[in-house]
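Dear colleague,

I am passing on a structure that you have not worked with before, and I would be glad if you could look it over. My notes on it come after the display.

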Amino acid sequence: MIDTHSHIYLSEFDEDRAEVVERAKRVGLKKILLPNVDGETIEAMHQLEGQYKGFCHAMMGLHPTSVDHNYRAALDEVKKHLDTRPYIAVGEIGIDLYWDKTFRAEQMEAFEQQIIWAKELNLPIVIHCREAFAEVFEVVEKQMDDKLCGVFHSFTGNIEEARRILGYNNFMIGINGVVTFKNTHLREVVKEVPLNKLVLETDAPYLAPVPKRGRRNEPAYIEKVAETIALVHGKDIEDVKKQTTINAKQLFAV
Ligand code: NI
């Protein structure tokens with residue numbers, strides 16, 4: 001398996017990061033992909049990637065909740081890094097109107113700019129979308145072409161939103177612990193998404209799957225996500241692991 005979205009470079013893992021990686025390897029994870037958040041997280045992310053070469057892979061991008069008055073300077077920093085060395089993706093980027101709508105226009109502009117850079121660099125985009133499907137679809141569709149590819153990470157939308165994404169040629173849907181939650185509609189939606197369009201993720205340290213819900217999440221818990229997808233699709237868990245790994249390898253070229 002590949003954990004396509006994990007923030008294990010954050011301080012939540014400072015005490016036991018080596019053990020977290022060890023447990024991840026033990027459940028069969030072959031790679032952990034690291035989405036950036038903002039200027040505060042770049043150094044720790046790079047450091048972790050250097051420590052686990054070939055296992056941890058960094059992305060570069062500005063997270064929508066970090067878009068504020070200084071977003072142009074923050075974007076300049078992202079661009080500087082993108083021009084300095086290779087990354088596996090531009091992420092995480094997108095629009096989040098759940099926490100704050102103040103910078104809606106700036107979030108849309110930052111999102112679009114980073115999509116343009118991703119296309120120039122032939123990189124996939126990793127999209128964070130929270131209460132902002134209308135805005136995200138607007139920007140993505142404006143920039144859509146044969147080259148544009150990516151994943152809607154931590155997807156929790158409805159069936160119409162899933163179908164709209166499936167209508168894009170080169171986009172995957174990222175599923176994490178939310179799919180295991182008791183009262184989620186997500187299982188019904190995931191049922192309608194073909195296995196060749198799904199990738200696994202944890203979004204660690206957030207969104208731990210049942211029965212760890214509410215606690216710190218870690219990559220090793222990804223098994224529960226694969227298990228739940230297998231259950232809704234009526235497939236063997238090994239088939240789910242295999243296909244989602246193929247999908248992730250193809251999308252991120254790792
Ligand atoms: Ni994230």
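Below is what was found, beginning with a sheet and its helices and ending with a pocket.

Please keep in mind throughout that this is a predicted model. The sheet is an open one, built from 3 strands in the order S1-S2-S3 with parallel pairing. Strand S1 (2-3) and strand S3 (56-58) each have a single partner strand and stand at the edges, so one side of each is left without a neighbour in the sheet. Between strand S2 (residues 31-34) and S3, which run parallel, there are 3 bridges, and leucine 33 is found opposite histidine 57 in S3.

Two helices belong with this part of the model. Helix H2 (residues 42-51) lies across S2 and S3, and its direction makes an angle of about 145° with S3. In helix H1 (residues 17-26), the residues Arg17, Val20, Val21 and Ala24 are buried. Viewed down the axis of H1, these buried residues fall within an arc of 95°, so they line one face of the helix; they pack against S2 and H2. Just after H1 comes glycine 28, which has a positive phi of about 100°.

Finally, the largest pocket holds about 570 Å³ of space. Its lining is made up of 21 residues, and those nearest its centre are His128, Arg130, Ser154, Asp203 and Leu207. Strand S4 (90-96) and strand S5 (125-130) are the elements that give two or more residues to this lining, with S5 supplying the largest share, 3 residues.

With best wishes

Key: Residues are numbered from 1 along each chain as its sequence is written. This is a predicted model: local features need pLDDT of at least 70, side-chain atom pairs count only at pLDDT 80 or more; totals for chains, interfaces and linings use all residues. Side-chain values use heavy atoms; hydrogens and water are left out. Two strands pair if DSSP finds at least two bridges between them. Helices (H or I, at least four residues) and strands (E, at least two) are DSSP runs, numbered from the N terminus. Contact means heavy atoms within 4.5 Å. Axes are lines fitted to C-alpha atoms, for helices over the stretch in contact, and angles run from 0 to 180 degrees between N-to-C directions. Buried means under 20% relative accessible area, exposed over 50%, partly exposed in between (1.4 Å probe, protein chains only). The arc is that of the directions from the helix axis to the C-beta atoms. On a 1 Å grid over the protein atoms alone, a cavity is a set of points where a 1.4 Å probe fits but cannot get out, and a pocket is an open set with protein on both sides within 12 Å along at least five of seven lines; lining residues have an atom within 4 Å of a point. Grid points are joined across faces, edges and corners, and a volume is the space filled by probe spheres set on the points.
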